[in-house]
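Colleague: Got a minute to go through this model with me? I'd like to know what the labels rest on.

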Amino acid sequence: MNDEGLLTIKNVTKRFGPLVAVDNISLEIKKNEVVGLIGANGAGKTTFFNIITGHYPPTEGAVIYKGQDITRLSPAERVEMGIVRTFQLTATFNELSVLDNLRLSYFKSHRKSGLSNIIFSKMKNIDDDEIYEYLEKFNLSHLAHKKTGSISLGERRVLEIAMALIYNPQILMLDEPFAGLSEKEIDEVLEILYQNVGQRTIFIVEHKVSKIEGLVQDICVMVEGEMICAGECQTVLKSDIVRERYWKMDAKEMAKIKA
Ligand SMILES: Nc1ncnc2c1ncn2[C@@H]1O[C@H](COP(=O)(O)OP(=O)(O)OP(=O)(O)O)[C@@H](O)[C@H]1O
Ligand SMILES: [Mg+2]
């Protein structure tokens, strides 16, 4: 495989009854590229993510990863292959400590199998040094023994990203990682993402383009299930179709910008 097309989405459509949530999208994402996905509420961003990660099968189309058709593989199989995501609503185990959440991800990423009860019984044997290094790296050491449900949303987001990164994924997919966070917390998450640029592919959903403009090279814009434009960030943001359908500018406003 060459590096050009790490992930290729081919004519993917997802219908929920009469609703077309994702409408015939094709997209190619390269190795180590940082790509943003923007679109209004209900545009289909999470559904598109779910198709790539295997949480929903597409109604039509294919997902190709490193030249292999993975359209019908389970989320777990895709995680093993290097496609790891975070969720729009955080998906940590809130009854467990921060340390145990990381241990769980560490164990899963190293054993690549297992029912949770087996995981827990064996977790005691994990060499914690690496886990503590992770806690340190993500500024979570002081929270190690706290119940995850009791830490702030910003801290939980950082933990969730740490749990994803412990898999050393080739593609890290983040669904609105800044939602509900303060400016300071956003900067902390951004800092972690910047540290990962060049190490892996990052595909990030965000409502507000201003938050990710500096991070991403390319951007995709979804409107009502369609991917109306994709490509170099500034070119896309200045394109007529994005101005018209995403920013909802009328002809007069567009003429003013161009004057
Ligand atoms: N499991 C489902 N069953 C039926 N309809 C669904 C399902 N999941 C999503 N939808 C619908 O598909 C459309 C796209 O939803 P999706 O969650 O992908 O949008 P989104 O761009 O992620 O929105 P948001 O910015 O609010 O997170 C919406 O109309 C939503 O109601
Ligand atoms: Mg969503």
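Modeller: Sure, start with α1: 8 of its 9 residues are buried, so the helix is largely enclosed by the rest of the structure. Mind that this is a predicted model, where local features need pLDDT of at least 70, side-chain atom pairs count only at pLDDT 80 or more, and totals for chains, interfaces and linings use all residues. Residues are numbered from 1 along each chain as its sequence is written, and side-chain values use heavy atoms, with hydrogens and water left out.

Colleague: Which residues of α1 are the buried ones?

Modeller: Among them are Phe 48, Phe 49, Ile 51 and Ile 52. Buried means under 20% relative accessible area, exposed over 50%, partly exposed in between (1.4 Å probe, protein chains only).

Colleague: Then why is Tyr 56 called partly exposed?

Modeller: Tyr 56 has 31% relative accessibility, so it counts as partly exposed. Its place is the loop between α1 (45-53) and β4 (60-65); helices (H or I, at least four residues) and strands (E, at least two) are DSSP runs, numbered from the N terminus.

Colleague: What makes β2 and β5 edge strands?

Modeller: The open sheet has 4 strands in the order β2-β1-β4-β5, with antiparallel pairing. β2 (19-29) and β5 (68-69) each pair on one side only, and that puts them at the edges.

Colleague: How do you know that β1 pairs with β2?

Modeller: Two strands pair if DSSP finds at least two bridges between them. Here 7 bridges join β1 (residues 7-16) to β2, so by that rule they pair. Lys 14 stands opposite Val 22 in β2.

Key: Chains are lettered from A and ligands numbered from 1 in the order in which they are written.
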